[in-house]
Amino acid sequence: MTDLSQISAAALGRLYLAGATDPVTATEVFLDRIRACPDRAIFLLLTEERARREAEASRQRYRAGRPLGPLDGVPIAWKDLVDLEGTVTTAGAEVLRHAPPAVADAPIARHLAAAGMVSLGKVNLSEFAYSGLGLNPHFGTPLNPFDAVPRAPGGSSSGSAVAVARGLAPCAIGSDTGGSVRIPAAFNGLVGLKTTEGRIDKSGVFPLSQTLDTIGPLARTVEDCILLDAALRGAVATDIRRAELSGLRLVVPENVVFDHAEDGVVANFERALAALTAGGATVERRRIAVIDEMFATGAAHGSLTAAEAYAFHRELMEGPDAARVDPRITSRIGAGKRMTAVDLLAIQAMRKRLTPALVAELDGALLAFPTVPHAAPEIAPLEADVELYHQTNLRSLRNTMIGNILTTCGLALPTGLDGRGLPTSLLLSAPAGDESRLLAIGLAAEDAGIDQRG
């Protein structure tokens with residue numbers, strides 16, 4: 001019998017169509033697994049009544065021969081930044097634990113409900129979504145499932161990734177401001193899609209950076225991400241099909257992205273490239289000056305995320321409740337307070353200038369480099385040493401943030417396990433709005449066998 005907890009969302013939908021199982025049965029499997037899971041830091045809230053109601057409605061549609069689409073009846077987990085009617089949106093913060101419940105679903109939640117998906121509940125995240133490591137002192141840290149030694153889940157969409165990796169949900173929704181979908185996908189051996197700014201409605205989603213925030217799925221396969229990307233936008237179908245690798249050009253930067261990279265990450269990256277070139281792709285390795293200029297501007301002027309996070313959280317940061325926020329998070333938000341109007345304008349001008357410059361530099365190619373230069377780090381040293389925490393956090397975000405600042409869409413793809421049995425990942429990035437081509441190439445990359453786990 002098929003283990004429903006270990007298959008993709010699309011595969012689960014196909015089982016429904018074949019009559020091999022049904023949405024009610026599958027939903028109970030996942031609810032049982034969530035309740036039995038010893039890691040109590042993954043799900044912050046189970047929406048059992050809603051899930052059972054939605055699953056039964058889906059089962060009736062299948063019995064009538066009228067499913068809404070390939071995701072009808074498939075369970076989904078939500079990062080707790082997303083409003084679900086009647087539930088509190090905590091954003092992983094103690095100060096919001098008892099906030100008023102949302103009066104309505106966020107548009108993306110309405111879209112997935114309209115596609116027939118079953119909402120299991122809300123999952124954990126870095127406080128205010130402001131960390132690439134996924135540690136949370138208030139609600140606990142979901143543990144990376146690939147090692148008995150406690151390791152970071154990746155952030156900020158920590159619970160989203162661990163829920164899928166542990167078989168508690170077939171797929172989950174996260175947000176990505178500097179890597180918060182792609183980093184946890186990388187640490188947990190999943191596929192993660194960072195979408196272009198504005199592609200998916202983020203109304204009703206608690207913000208980190210009003211400019212840079214994007215919504216994206218975490219799942220087992222590229223096919224799942226294609227279906228979820230369409231459903232999140234309210235689309236009823238997608239025309240994305242597998243591309244051919246022949247003629248694909250990949251540009252691998254020779255600057256920054258391999259600094260301090262672990263041997264296992266690099267080895268798996270090179271094996272993945274070899275699989276792509278065997279399928280017909282060509283690889284160009286060169287220095288990308290645009291990336292150097294981007295980092296130089298950040299070093300001189302700060303980050304847009306910090307500026308916008310401080311603007312949003314200023315009242316909290318200046319009041320007595322600031323002490324209830326993780327000091328590792330307040331220090332990052334506080335950096336925005338020190339920025340000047342000149343800093344902000346310099347960052348905005350840099351993005352306006354360098355985004356088209358990168359498109360010209362690529363000239364139709366995709367960027368390719370390791371999603372994160374290291375596998376999931378152990379939690380204990382990060383908890384013991386705040387400076388190590390910040391250094392590791394910035395290193396975790398370094399590669400992925402390029403896409404947020406320079407306005408690309410990005411697809412994190414698993415490349416296998418390192419010598420310790422920890423997942424590694426390849427990041428493919430395309431210019432803004434080019435998700436269809438990126439995802440079509442992602443399907444081809446999967447078929448080429450870039451995931452060394454097979």
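This briefing covers the pockets, the cysteines, two buried residues and the unusual backbone geometry of the structure above. The model is a predicted one, and every value below is computed from it. The largest pocket has a volume of about 790 Å³, the second largest holds about 310 Å³ of space, and the count of disulfides is zero.

**Pockets**

- Rolling a probe the size of a water molecule over the atoms shows where empty space is left.
- The largest pocket, with its volume of about 790 Å³, is lined by 33 residues, of which Y130, S303, R332, L394 and M401 are the closest to its centre.
- Two or more residues of that lining come from each of the helices α9 (289-301), α10 (304-317), α11 (327-337), α12 (341-362) and α14 (386-405), and the largest share, eight residues, is given by α14.
- By residue class, the lining of the largest pocket consists of 17 nonpolar, twelve polar and four charged residues.
- The second largest pocket, at about 310 Å³, has 15 lining residues, and those closest to its centre are R220, P414, E446, D451 and R453.
- In the second largest pocket the lining divides into seven nonpolar, four polar and four charged residues.

**Cysteines**

- With a cut-off of 2.5 Å between cysteine sulfur atoms, the model contains zero disulfides.
- C37 is in no disulfide, since the nearest cysteine sulfur, which belongs to C171, is 17 Å away; C37 counts as buried, at 5% relative accessibility.
- C225 is likewise in no disulfide, and for this residue the nearest cysteine sulfur, that of C171, is 8.9 Å away; C225 is buried, with a relative accessible area of 0%.

**Two buried residues and their contacts**

- A91 sits in the loop between β2 (75-79) and α4 (107-114), and it counts as buried because its relative accessible area is 0%, where the limit for that class is under 20%.
- Leaving aside neighbours within four places in sequence, A91 is in contact with D80, L81, L96, L125, S126, E127, F128, A129 and F206.
- The C-alpha atoms of A91 and L304 are separated by 20 Å, the two residues being 213 residues apart along the chain.
- E54 belongs to helix α3 (residues 48-63) and counts as buried at 13% relative accessibility.
- The side chain of E54 reaches the backbone nitrogen of S119 at 2.8 Å, and the residues that E54 touches, not counting those up to four places away in sequence, are A113, M117, V118 and S119.

**Backbone geometry**

- Most residues other than glycine have a negative phi, and most peptide bonds are trans.
- G155 and S156 are joined by a cis peptide bond with omega of about 5°, and S156 is found in the loop between β3 (118-123) and α5 (158-165).
- F128, which is also one of the contacts of A91, has a positive phi near 55° although it is a residue other than glycine; F128 lies in the loop between β3 and α5 and is buried, at 2% relative accessibility.
- H260, not a glycine either, has a positive phi of about 60°; H260 is placed in the loop between β7 (249-253) and α8 (263-278) and is exposed, with a relative accessible area of 62%.

Definitions and conventions: Residues are numbered from 1 along each chain as its sequence is written. This is a predicted model: local features need pLDDT of at least 70, side-chain atom pairs count only at pLDDT 80 or more; totals for chains, interfaces and linings use all residues. Side-chain values use heavy atoms; hydrogens and water are left out. Buried means under 20% relative accessible area, exposed over 50%, partly exposed in between (1.4 Å probe, protein chains only). On a 1 Å grid over the protein atoms alone, a cavity is a set of points where a 1.4 Å probe fits but cannot get out, and a pocket is an open set with protein on both sides within 12 Å along at least five of seven lines; lining residues have an atom within 4 Å of a point. Grid points are joined across faces, edges and corners, and a volume is the space filled by probe spheres set on the points. Helices (H or I, at least four residues) and strands (E, at least two) are DSSP runs, numbered from the N terminus. Ala, Val, Leu, Ile, Met, Phe, Trp, Tyr, Cys and Pro count as nonpolar, Asp, Glu, Lys and Arg as charged, and the others, Gly among them, as polar. Contact means heavy atoms within 4.5 Å. A polar contact is a pair of N or O atoms within 3.5 Å; within protein, one must be able to donate a hydrogen and the other to accept it, and residues adjacent in sequence count only if both atoms are side-chain atoms.
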